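This report introduces a protein model to a reader who has not met it before. It begins with the interior, turns to the chain as a whole, and then considers selected positions.

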Amino acid sequence: MQHPHARHNRLALPASAFFQSIGFGLSNPFLPLILREMGVVSNLETWVGYLVGLYFTLSFSLTPVWGAVADHYGRKLMVLRTSIGMGLIYLLMPFTTSLYWFLLAFLLLGTTNGLIPSCQALMATTTPPRQLASSLALLQTGALIGGTLGPVFGAVLAGWLPAYRDLFWMAGGFTLAAGLVALVFAREDFVRPRGKLELHPLRDLTTVLRLPGVPALLAIYLTYQLTYNGSVPVVSVYTLHLLEAAGIREAQQINIWVGAVSVMLPVGSVLAVPIWTRLLDRFGPARLLPVCLGTGAVGVLLLALVYTPLQLAAARGVLGLLAVGIGPATIALVKGRAPAGMESRVLAFMAGCGMIGMGFGPLLAGQIGPWLGLRAYFLLNCLLLLVGLYLWRRASRVAPTPAT
């Protein structure tokens with residue numbers, strides 16, 4: 001049997017992603033409020049942008065290393081590395097009593113980032129090709145359900161915790177639970193290659209960029225993560241601006257609205273994943289990706305047209321409905337082009353592009369926001385998705401999708 005652990009991992013890895021996403025959703029949407037609580041008064045979006053940008057820059061710089069380690073020592077080991085590492089550092093965050101100690105701890109957290117990409121790599125190498133798109137969609141569903149519950153828990157807890165950074169206690173607990181699920185239930189029959197571990201990130205990157213159609217797919221995945229996950233803290237700042245314009249300054253209402261706006265993206269995505277999964281299985285990711293990019297651009301455009309927190313929440317839900325198919329379609333296409341023995345490294349470079357997007361989104365918003373407003377940032381997101389659509393249409397004519 002070529003893929004004996006596909007069934008186990010199809011259940012275990014979405015559960016692990018579920019717990020990790022609860023922890024992430026508990027804390028990340030409230031990052032602007034944490035910084036404001038710790039003394040940041042003006043240019044909040046710029047502070048958030050620099051912090052998140054540095055966080056994902058550190059994550060990206062280590063991604064090729066972890067990809068090579070995964071190909072040499074196994075992908076399950078990387079799932080355990082990131083879940084346990086992130087969980088322990090999360091538990092240190094509440095002890096940071098000054099802004100600069102908090103910034104240092106948050107950047108240290110970036111060195112352990114990458115649980116979802118690690119789960120994707122393990123899923124991709126233990127799943128039959130015909131089931132890969134739907135299995136990745138199931139993994140994404142687990143992450144989305146966790147991402148739905150996380151902001152809800154965060155909004156409730158923030159109302160009675162002494163400080164916003166105390167949310168990291170719960171984030172650490174859920175992330176360690178993700179590691180425990182992977183440790184006990186995820187499986188992999190890994191045969192270590194002969195020879196010593198060798199790190200050649202530049203050579204590996206050159207190989208990846210020569211794969212037909214992969215450069216365009218990496219650019220698309222970067223844009224998708226910038227738009228989809230990278231905008232989470234940006235949308236929280238956007239929510240604060242809309243609340244101030246509406247004259248709402250009560251802490252409890254702010255917590256509720258930040259949580260509500262954050263939760264609508266994964267809610268919309270969870271509702272849409274079964275539909276996109278059936279379409280992926282029926283038409284294939286190559287044919288469906290242009291549709292996902294076009295509908296995603298429409299969803300992002302709506303964010304630039306809202307004027308109230310309620311409209312923003314609704315627009316985020318619509319974005320989740322329209323854009324969630326981009327992720328599994330792109331990952332399946334990249335995996336289909338990866339050379340044997342390089343699967344984790346190819347997916348690691350893809351994850352690195354996603355981290356650039358997640359970090360560059362807040363950084364870009366921090367520069368655009370003070371000058372043109374955050375509406376201009378979302379209009380730019382829409383344009384980037386349309387550029388991704390153009391790149392894929394062009395690349396798919398030159399390099400047809402390999403048969404699986």
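Which residues of the largest nonpolar core touch the most other members? In this predicted model, that core has 121 residues, and those touching the most other members are Leu-35, Phe-102, Leu-289, Leu-312, Ile-326, Tyr-377 and Phe-378. For Leu-312, the contacts beyond four places in sequence are Val-235, Tyr-238, Thr-239, Leu-242, Val-261, Leu-303 and Val-306.

**The chain as a whole**

The protein chain contains 17 helices and 0 strands. Its radius of gyration is 20 Å, close to the 22 Å given by the globule rule for 404 residues, so the chain is as compact as a globular protein of that length. The C-alpha trace spans about 60 × 40 × 35 Å along its principal axes.

Of the 404 residues in the protein chain, 58% are buried. When contacts between residues at least 6 apart in sequence are considered, 85% of them join residues at least 24 apart. The accessible surface amounts to about 16,900 Å², and carbon and sulfur atoms account for 68% of it. As for charge, the chain carries 26 positive and 12 negative side chains, with the centres of the two sets 11 Å apart.

**Positions within helices**

Gly-172 belongs to helix H8, which covers residues 167-185. Its relative accessibility is 0%, and the cut-off for a buried residue is under 20%, so Gly-172 counts as buried. Apart from residues up to four places away in sequence, Gly-172 touches Gly-87, Tyr-90 and Leu-91.

Thr-277 is placed in helix H12, residues 251-283. This threonine is also buried, having a relative accessible area of 14%. Outside its neighbours within four places in sequence, Thr-277 is in contact with Ser-134 and Ala-137.

**Positions within loops**

Thr-112 sits in the loop that joins helix H5 (99-110) to helix H6 (115-125). Is Thr-112 buried or exposed? With a relative accessible area of 11%, Thr-112 is buried. Its contacts, not counting residues up to four places away in sequence, are Arg-81, Thr-82, Gly-85, Met-86 and Ile-89.

Gly-213 occupies the loop between helix H9 (201-209) and helix H10 (214-228). Gly-213 is buried, at a relative accessible area of 12%.

Thr-308 is found in the loop between helix H13 (285-303) and helix H14 (309-323). Thr-308 has a relative accessibility of 33% and therefore counts as partly exposed.

**Separations along the chain and in space**

Three of the positions described above can each be paired with another residue, giving a separation in sequence and a C-alpha to C-alpha distance.

| Pair | Separation in sequence | C-alpha distance |
|---|---|---|
| Gly-172 and Leu-115 | 57 residues | 13 Å |
| Thr-308 and Leu-243 | 65 residues | 7.6 Å |
| Gly-213 and Ser-27 | 186 residues | 36 Å |

Taken with their surroundings, these pairs add to the picture of each position. Thr-308, in the loop before helix H14, has its C-alpha 7.6 Å from that of Leu-243. Gly-172, buried at 0% relative accessibility, has its C-alpha 13 Å from that of Leu-115. For Gly-213, in the loop before helix H10, the C-alpha distance to Ser-27 is 36 Å.

Key: Residues are numbered from 1 along each chain as its sequence is written. This is a predicted model: local features need pLDDT of at least 70, side-chain atom pairs count only at pLDDT 80 or more; totals for chains, interfaces and linings use all residues. Side-chain values use heavy atoms; hydrogens and water are left out. Helices (H or I, at least four residues) and strands (E, at least two) are DSSP runs, numbered from the N terminus. The radius of gyration is taken over C-alpha atoms; the globule rule is 2.2 Å times the number of residues to the power 0.38. Buried means under 20% relative accessible area, exposed over 50%, partly exposed in between (1.4 Å probe, protein chains only). Contact means heavy atoms within 4.5 Å. Accessible areas come from the Shrake-Rupley method with a 1.4 Å probe; for residues, only the protein chains shown count as cover. Lys and Arg count as positive and Asp and Glu as negative; His and the chain ends are not counted. The place of a charge is taken as NZ of Lys, CZ of Arg, CG of Asp or CD of Glu. A nonpolar core is a set of buried Ala, Val, Leu, Ile, Met, Phe, Trp, Tyr and Cys residues joined through side-chain atoms within 4.5 Å.
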